[in-house]
There are 2 protein chains.
Amino acid sequence: MSPSNPTSPAGALSLEQQICYAMHTTVRAFDAVYRELLGEHGLSYPQYIALMTVGEHGPLTVSSLGGHLRLDSGTLSPLLKRMEAAGLVERVRDPEDERRVLVSATAAGHDRLAALGDVPHQIAVRSGLSRREMLDLHRTLRRVTERLDAGA
Amino acid sequence: MSPSNPTSPAGALSLEQQICYAMHTTVRAFDAVYRELLGEHGLSYPQYIALMTVGEHGPLTVSSLGGHLRLDSGTLSPLLKRMEAAGLVERVRDPEDERRVLVSATAAGHDRLAALGDVPHQIAVRSGLSRREMLDLHRTLRRVTERLDAGA
DNA sequence: TACTATCAAATTGCGCACAATCTAATTGTT
DNA sequence: AACAATTAGATTGTGCGCAATTTGATAGTA
C-alpha cells in the first residue's frame, strides 16, 4: 500500500532514481566485461587504469595519481602495494622529499599494457556505442560530474 | 617513453577508456551526494535503493530483490541483516518454502522513505540535467547495459 | 522410500572506496 | 634553534560487489 509517501509517485521508482540506478548498473556491466578481458592478465579495472596512468605519465606521486583517478591513499596504497608485489609498478621514495613516493611502471608493466592494447577497442565494440554517441555521453558525464562536485 | 604500445594512441588514454573512467567518476560523484543526503538518516545508497524496492513491491524474496537491483545474496544478505538490525526491514522465512526469505519494509522503513521523499528531486537539481537530457542519458545507459550483457 | 539434483540463502575470501586516524617529513614562525 | 602547522602516505574500520563454497529445503526419479 505504502500510503505515506507524499512526494514520489506510487507504483514506480522516480525517473531520477532510475538514472542513478541505471548508471550503477551500467558501470557494473562494464566492470564485468573488463573482468573478463583483464582477469586472465591478473588485473582488476582499477589496477588497469592505474597502470595505464603511471605508464603514460611517467613517475607520479601517489597523490597526483590519485588526482588523475580521483582516489585517495586509502584506496591507492594497498592497490599499489599489490601491483608492486606483482612486479608491474615500482614505488620509490622521492629523495628530494622523503614524504613522497614516486610510482612508475616497470618493464613488465609496460609489457602488460602492450599485451592489453586491444582492450579499448573490444570495450568499444561490446558497448555498441558509435563514436558520436561516445563523445556525447562523455561530454554529458563530465558536465554532470562537474555539476555534482560544485555542491549544493 | 612507452615505445611498445602499437594500438592505443600515445600521450592520452583512449576515448573508450575515458568513457568508462568517466562513468566510474560520475557514479562516485552521485554517491557522494547521496552520502550527504542519506548519511544523517543512517542509510547508504544501496540500502536506500533496497528499501525503496521492498517498500514499493511488497514482500520480496532475496533473489527477486536481487533481480530488481542486479545484486546477489553475497551482497544482499549482509546488507539486509544490517537493515533488519536498524529496524527498517523485516525478514521472514516463507512458510510455503522454507528456503525462501521474504523481505518487506517495516512501518519505520516506510516512515524513513517518506522522510526521504525529496531526495530524488534534490538529486535531479544537483545533477543539472534537464528532463530531456535525463531521458536521453537513461535511454543510452539502458541500451549500453543491454548490449554489454549480451556478451561477446 | 531412498537417492540425486536443484534451488535459496548464507557464508567466506578478496578487492575497491571512503572516512578517520596515525606516522613521519617538511615548512613556517617566532 | 625550537615548536606549531602542514603535507604525504600508510593504516584501520566499515560497507559494497563478486566469485566460490556451504547449508538446508524442495523436487524429481529410480
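Trainee: A polar contact is a pair of N or O atoms within 3.5 Å. With that in mind, at what distance from a phosphate oxygen of DNA strand C does a polar side-chain atom of B:Ser63 lie?

Mentor: This is a predicted model, and in it the distance from the B:Ser63 side-chain atom to the phosphate oxygen is 2.8 Å. That pair falls within the 3.5 Å cut-off.

Trainee: And what is the distance for the polar side-chain atom of B:Arg91?

Mentor: For B:Arg91, a polar side-chain atom is 2.7 Å from a phosphate oxygen of DNA strand C. B:Arg28 also reaches a phosphate oxygen of this strand, through a side-chain N or O atom at 3.4 Å.

Trainee: Which residues come nearest to DNA strand C?

Mentor: There are 25 residues around DNA strand C, and the nearest are A:Arg82, B:Ser63, B:Ser73, B:Ser77 and B:Arg91. Of the strand's atoms within 4 Å of the protein, 81% belong to sugar and phosphate.

Trainee: Which helices supply at least two residues each to that surface?

Mentor: Chain A provides α2 (45-56) and α4, while chain B provides α1 (15-39), α3 (62-69) and α4. By class, the surface near DNA strand C has five nonpolar, nine polar and eleven charged residues.

Trainee: Turning to DNA strand D, which residues come nearest there?

Mentor: A:Thr61, A:Ser73, A:Ser77, A:Arg91 and B:Arg82 do, out of 25 residues around DNA strand D. The surface near this strand comprises eleven charged, nine polar and five nonpolar residues.

Trainee: Which helices contribute in that case?

Mentor: From chain A, α1 (15-39), α3 (62-69) and α4 (73-85) each supply at least two residues near DNA strand D, as do α2 (45-56) and α4 (73-85) from chain B.

Trainee: What part of DNA strand D does the side chain of A:Arg99 approach?

Mentor: A base oxygen, which is 3.1 Å from an N or O atom of the A:Arg99 side chain. Bases make up the remainder once sugar or phosphate has taken 76% of the DNA strand D atoms within 4 Å of the protein.

Trainee: Which phosphate contacts does chain B make with that strand?

Mentor: Among them, a polar side-chain atom of B:Gln47 lies 3.2 Å from a phosphate oxygen of DNA strand D. B:Glu98 places a polar backbone atom 3.0 Å from a phosphate oxygen.

Trainee: What rotation superposes chain A on chain B?

Mentor: A rotation of 180°, with 0.0 Å of shift along its axis and an RMSD of 0.1 Å. The two copies are therefore related as by a two-fold rotation axis.

Trainee: Why can one say that the copies meet through the same surface?

Mentor: Because 100% of chain A's interface residues are also interface residues in chain B.

How values were computed: Residues numbered from 1 in each chain as written. Chains lettered and ligands numbered in written order. Predicted model: local features only at pLDDT ≥ 70, side-chain atom pairs only at ≥ 80, totals over all residues. Heavy atoms only, no water. Least-squares fit on C-alpha atoms with pLDDT ≥ 70 in both. Contact = heavy atoms within 4.5 Å. Near = heavy atom within 4 Å. Polar contact = N/O pair within 3.5 Å; in protein donor to acceptor, adjacent residues only side chain to side chain. Helix = DSSP H or I, 4+ residues; strand = E, 2+ residues; numbered from the N terminus. Nonpolar A, V, L, I, M, F, W, Y, C, P; charged D, E, K, R; others polar.
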